[in-house]
Amino acid sequence: HKPNVYIDLSGWSPKYFPAQLVQYANTLLKDRMLFGTDFPLITPERWMKDFEAAGFKEEVKEGILKGNAGRMLKL
């Protein structure tokens, strides 16, 4: 419906993401989620630790961390 709209996951630690966000990231919106931190308030190390425990499927993690941004920026 809106091909140029993406969701940036910065600003919150993944442990505070609502269950609905994780559910949609694992299914319908898996190609629309982008990695982000709120550095220096949330360090990349802390974000990654919380991300691993947040319930994201293994097959969507690579897209969130790198692949989706690469497709969006045509890299």
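## Buried charges and a one-sided helix

K61 is buried, with a relative accessible area of 5% (buried means under 20% relative accessible area, exposed over 50%, partly exposed in between, with a 1.4 Å probe and protein chains only). Before you dig in: this is a predicted model, where local features need pLDDT of at least 70, side-chain atom pairs count only at pLDDT 80 or more, and totals for chains, interfaces and linings use all residues. Residues are numbered from 1 along each chain as its sequence is written, and side-chain values use heavy atoms, with hydrogens and water left out.

**Exercise 1. Find the partners of K61 in salt bridges, and say how E52, E58 and K61 are linked.**

Step 1. Get the rule straight: a salt bridge is a side-chain nitrogen of Lys or Arg within 4 Å of a carboxyl oxygen of Asp or Glu. By that rule you get 4 salt bridges.

Step 2. Look around K61. Its side chain meets that of E52 at 2.9 Å, N to O, and it also meets the side chain of E58 at 2.9 Å, N to O.

Step 3. Place the pair K61 and E58: both sit in helix α3, 3 residues apart, or about one turn of the helix. (Helices are DSSP runs of H or I with at least four residues, strands are runs of E with at least two, and both are numbered from the N terminus.)

Step 4. Check the cover of the acids. E52 is partly exposed at 46%, while E58 counts as exposed at 57% relative accessibility.

Step 5. Put it together: E52, E58 and K61 form a network of salt bridges.

**Exercise 2. Explain how D50 and R46 are placed in helix α2, and decide whether D50 is buried or exposed.**

Step 1. Find the contact: the two side chains, of D50 and R46, meet in a salt bridge of 3.5 Å, N to O.

Step 2. Count along the helix. α2 covers residues 44-52, and because D50 and R46 are 4 residues apart in it, about one helical turn separates them. An α-helix has 3.6 residues a turn, so residues three or four places apart point the same way.

Step 3. Compare the accessibilities with the cut-offs: D50, at 8%, counts as buried, and R46, at 33%, is partly exposed.

**Exercise 3. Which residues of helix α1 are buried, and what do they pack against?**

Step 1. Scan residues 19-26, which make up α1: the buried ones are V22, A25 and N26.

Step 2. Look down the axis. These residues cover an arc of only 95°, so they are on the same side of α1 (the arc is that of the directions from the helix axis to the C-beta atoms).

Step 3. Find the neighbours: the buried residues of α1 pack against β2 (33-34) and α3 (58-72), where contact means heavy atoms within 4.5 Å.

**Exercise 4. Describe the whole chain: in what order do its elements run, and how much of it is buried?**

Step 1. List the parts: the protein chain has 3 helices and 2 strands, and from the N terminus they run β-α-β-α-α.

Step 2. Size it up. The C-alpha atoms fill a box of roughly 30 × 25 × 20 Å along the principal axes.

Step 3. Check the burial: buried residues are 29% of the 75 in the protein chain.

Step 4. Look at the contacts: among those between residues at least 6 apart in sequence, 75% join residues at least 24 apart.
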